[in-house]
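Hi,

Here is the structure I promised to pass on. Have a look at it first, and then read on for what turned up.

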Amino acid sequence: MFEYSTFNDHGKGAPVPEGHKVIPVHMVYDVKHDGRHKARLVAGGHRTDTPIDSVYSGVVSLTGIRVVTFLAELNDLELWGTDIGNVYLESYTKEKVAFIAGPEFGEFNGHTFVIIKAMYGLRSSGARWHDRLYDSLTGMGFTPCKSDPDIWMRACEDHYEDRKS
């Protein structure tokens, strides 16, 4: 979390900045199907007020996946898929939240941290990531498909390239 500059450390015993809400954070552990262990620091965003702006983050539909697969096969194109690790930490949150570090933070126990990245558990993290992805894909010349806005296309000579968000 520190490598991604997820928080601003305001120091031990520092007051929470005005306008920020103190929320809890906790660890969630998982064992993946292939035996890998995974841990996530999750913010208690359920304790924040419901945002006024949209927190919607789209997901490509099953029909969309079928259409893209069909078109790739029909046009003899390669179809690739990927996963973006620590995806939310690539975008910034608009929520004004902070937490007081507990003993699990070692030498930072008692420090006041203001969360600046879109962490798991915050209400708007999905939308903030979607905004970041939109900016990145449009910057590379992709446009969203009219029938499924989570399928992105880019003109490439005599065919279109596509990306699913």
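Let me start with a strand pair: β1 and β6 run antiparallel to each other, joined over 4 bridges. Within that pairing, Asp9 sits opposite Phe113 of β6. Before you go further, keep in mind that this is a predicted model.

The pair belongs to an open sheet of 4 strands, ordered β1-β6-β5-β2, and the pairing in it is mixed. Its edges are β1 (7-12) and β2 (21-22), each of which pairs on one side only. Moving along from β6, you get to β5, which is antiparallel to β6 and joined to it by 3 bridges. Phe113 turns up again here, as the bridge partner of Phe99. At the far end of the order, β2 pairs with β5 (residues 97-100) in the parallel sense, over 2 bridges. One of the residues involved is Val22, whose bridge partner in β5 is Ala98.

How many of the residues of β6 are buried? The count is 5 of 5. The strand points His111, Phe113 and Ile115 one way and Thr112 and Val114 the other, with all of them buried.

Next, the packing. The largest nonpolar core has 14 residues, and those touching the most other members are Phe7, Val25, Ala43, Phe99, Ile115, Met119 and Leu122. Which elements give two or more residues to this core? They are β4 (37-43), β5 and β6 (111-115). So you can link this back to the sheet: β5 and β6 are neighbours in its order, and both are on that list of contributors.

Met119 is a good residue to click on. Leaving out residues up to four places away in sequence, Met119 touches Met1, Thr6, Phe7, Leu41, Val42, Ala43, Tyr88, Leu89 and Ser125. Two of these contacts, Phe7 and Ala43, also appear with Met119 among the core residues that touch the most other members. A separate core lies apart from this one; it has 6 residues, including Val87, Trp129, Phe142 and Trp152.

Last, a pocket you may want to load into your own tools. The second largest pocket has a volume of about 370 Å³. It is lined by 16 residues, of which Lys38, Ala39, Arg40, Asn86 and Tyr120 are the closest to its centre. What is the lining made of, by class? It has 9 nonpolar, 2 polar and 5 charged residues.

Cheers

How values were computed:
Residues numbered from 1 in each chain as written. Predicted model: local features only at pLDDT ≥ 70, side-chain atom pairs only at ≥ 80, totals over all residues. Heavy atoms only, no water. Pairing = 2+ DSSP bridges. Core = buried A, V, L, I, M, F, W, Y, C linked by side-chain atoms within 4.5 Å. Buried < 20%, exposed > 50% of the residue type's maximum accessible area, 1.4 Å probe, protein only. Contact = heavy atoms within 4.5 Å. 1 Å grid on protein atoms, 1.4 Å probe; cavity = no way out; pocket = protein on both sides within 12 Å on 5 of 7 lines; lining within 4 Å. Points joined across faces, edges and corners; volume = space filled by probe spheres on them. Nonpolar A, V, L, I, M, F, W, Y, C, P; charged D, E, K, R; others polar.
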